[in-house]
Amino acid sequence: MLAGIFQILHTPFEDDGAIDWRSFQTQVDYCMAAGAHGLVVPALASEFFTLSDAERLQVVEFAAKAIDGRVPLVVGVQGLTQAAALAFAEHASKQGATALMAMPPYLRKAPKAYVKDYYRALAQFDRPLMIQNAPAPIGTPLSPGELVELLASEPNIAYIKEETSPILQHINQIQELDAGHCQGVFGGANGIYLIDELTRGACGNMPAGGVMDVQVSIYDLYQAGKQELAEQIHFQLLPLLNYAAVYGISFHKYVLWRRGVLRSPYARDPQKINLNPDDIRAIEGLWDRIAEFALSDYPFV
């Protein structure tokens with residue numbers, strides 16, 4: 001069963017926009033040192049939509065080799081069409097992916113009947129399939145009832161990453177409607193609702209960014225019965241996660257860069273919001289609130 005904090009790997013870039021494989025390795029090393037329960041690539045936080053098809057395949061191959069089976073690897077196989085997604089899924093399976101994850105086709109929105117066929121086709125591979133229920137405009141949100149119907153349609157459709165608002169109520173509703181087909185619901189949204197998600201029965205979270213080591217500590221404490229301490233650390237982390245919610249990839253890559261994980265904070269995302277000096281001062285001040293819970297090998301430098 002998949003459970004815990006599954007970090008979404010970023011695609012590190014050089015300042016000129018080329019993929020930085022050295023930083024990619026350092027990022028995997030950081031995740032291993034932090035005790036990540038699993039890793040995910042390429043997803044939205046990986047800027048997969050800025051990668052060529054060849055780069056997507058290279059990223060998966062590199063990640064699979066670097067991880068070397070130490071933790072589960074969930075591979076994002078969403079495609080513009082069913083045929084494209086199937087090609088990514090076949091490649092991921094050959095690379096030893098533990099599970100596959102996919103949004104519905106994300107450019108031209110498909111009708112619900114096509115979406116059902118899309119997931120049933122992806123379920124043919126001999127590994128769990130996770131439905132990424134991402135919000136618009138990129139995602140095609142599915143209701144809890146529609147998600148549960150898909151879970152019941154194929155044995156390999158087993159997990160959901162729930163990111164549509166209201167996330168917490170949707171976690172409740174999925175569990176109420178499910179007839180035993182769902183093996184787990186992961187949250188997203190940078191882990192901002194992590195404690196509440198776990199309280200409502202989620203199996204974990206798939207966050208982005210450079211505070212995953214803190215979130216692993218929160219999850220592990222919660223599962224060890226130390227919920228009060230887990231909540232205390234989570235509440236100290238929340239102000240930083242608020243910045244993550246606003247600035248997205250720019251925040252995440254800045255933090256990873258400042259911690260020495262990435263050699264550059266460069267992002268390809270054409271809609272990124274660049275941090276200004278006041279943003280940076282605020283983020284660095286808020287870091288001090290949670291630094292004691294982060295890995296000492298990766299401080300702000």
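This report describes the strand barrel, two buried polar residues and the aromatic contacts of a predicted model.

**The barrel and its first strands**

The barrel is closed by eight strands, which follow one another in the order β1-β2-β3-β4-β5-β6-β7-β8 with parallel pairing. Strand β1, covering residues 4–8, runs parallel to β2 and is joined to it by three bridges, and within this pairing Gln-7 stands opposite Leu-39. The connection is made through a helix, since β1, α1 and β2 together form a right-handed β-α-β unit.

Strand β2, which spans residues 38–41, continues the parallel arrangement with three bridges to β3, residues 73–76, where Val-74 is the bridge partner of Val-40. Here the helix of the right-handed β-α-β unit is α2, residues 53–67, placed between β2 and β3. In a regular strand, side chains alternate between the two faces of the sheet. In β2 both faces are covered, with Gly-38 and Val-40 buried on one side and Leu-39 and Val-41 buried on the other.

The pairing of β3 with β4 is again parallel and again rests on three bridges, and Val-74, the partner of Val-40 in the preceding pairing, stands opposite Ala-99 in β4. Helix α3, residues 82–94, lies in the right-handed β-α-β unit formed with β3 and β4. Strand β4, residues 99–102, is likewise covered on both faces, where Ala-99 and Met-101 are buried on one side and Leu-100 and Ala-102 on the other. From β4 three bridges lead to the parallel strand β5, residues 129–133, with Ala-102 opposite Ile-131, and helix α4, residues 112–122, completes a right-handed β-α-β unit with these two strands.

**Two buried polar residues**

Which residues does Lys-161 contact, leaving aside its neighbours within four places in sequence? Lys-161 is found in strand β6, residues 157–162, and it counts as buried because its relative accessible area is 2%. Its contacts include Ile-8, Met-101 and Ile-131, and Met-101 is itself one of the buried residues of β4. Also in contact with Lys-161 are Met-130, Gln-132, Asn-133, Phe-186, Gly-187, Gly-188 and Met-206.

His-252 lies in helix α10, residues 249–258, and with a relative accessibility of 4% this histidine also counts as buried. Its side chain is joined to that of Asn-190 by a polar contact of 2.9 Å. Not counting residues up to four places away in sequence, His-252 touches His-10, Asn-190, Ala-208, Gly-209, Gly-210 and Ala-244.

**Aromatic pairs and charges over rings**

The structure holds 13 aromatic pairs, two of which are set out below with the values that describe their geometry.

| Pair | Centre to centre | Angle between planes | Class |
|---|---|---|---|
| Trp-21 and Phe-24 | 5.9 Å | 25 degrees | stacked |
| Trp-287 and Phe-300 | 4.5 Å | 15 degrees | stacked |

Why does the pair of Trp-21 and Phe-24 count as stacked? The angle between their planes is 25 degrees, and planes under 30 degrees apart count as stacked. Both residues lie in helix α1, residues 21–34, where they are three residues apart, about one turn of the helix. Their exposure is unlike, because Trp-21 counts as partly exposed at 29% relative accessibility, whereas Phe-24 counts as buried at 0%.

The pair formed by Trp-287 and Phe-300 is likewise stacked, but it links distant parts of the chain, with Trp-287 in helix α11, residues 277–290, and Phe-300 in the segment after α11, 13 residues apart. Trp-287 counts as buried at 6% relative accessibility, and Phe-300 is buried with a relative accessible area of 17%.

Beyond these pairs, Phe-6, Tyr-159 and Phe-186 form one aromatic cluster, and Phe-186 is also one of the residues in contact with Lys-161. Charged side chains are placed over rings as well: the charged end of Arg-56 sits over the ring of Phe-88, 3.7 Å from its centre, while Lys-272 lies over the face of Tyr-266, at 5.9 Å from the ring centre.

Technical notes: Residues numbered from 1 in each chain as written. Predicted model: local features only at pLDDT ≥ 70, side-chain atom pairs only at ≥ 80, totals over all residues. Heavy atoms only, no water. Phe/Tyr/Trp six-rings, centres within 6.5 Å; stacked < 30°, edge-to-face > 60°. Helix = DSSP H or I, 4+ residues; strand = E, 2+ residues; numbered from the N terminus. Buried < 20%, exposed > 50% of the residue type's maximum accessible area, 1.4 Å probe, protein only. Lys NZ or Arg CZ within 6 Å of the ring centre and 35° of its normal. Pairing = 2+ DSSP bridges. Right-handed = clockwise from strand over helix to strand, strands pointing away. Polar contact = N/O pair within 3.5 Å; in protein donor to acceptor, adjacent residues only side chain to side chain. Contact = heavy atoms within 4.5 Å.
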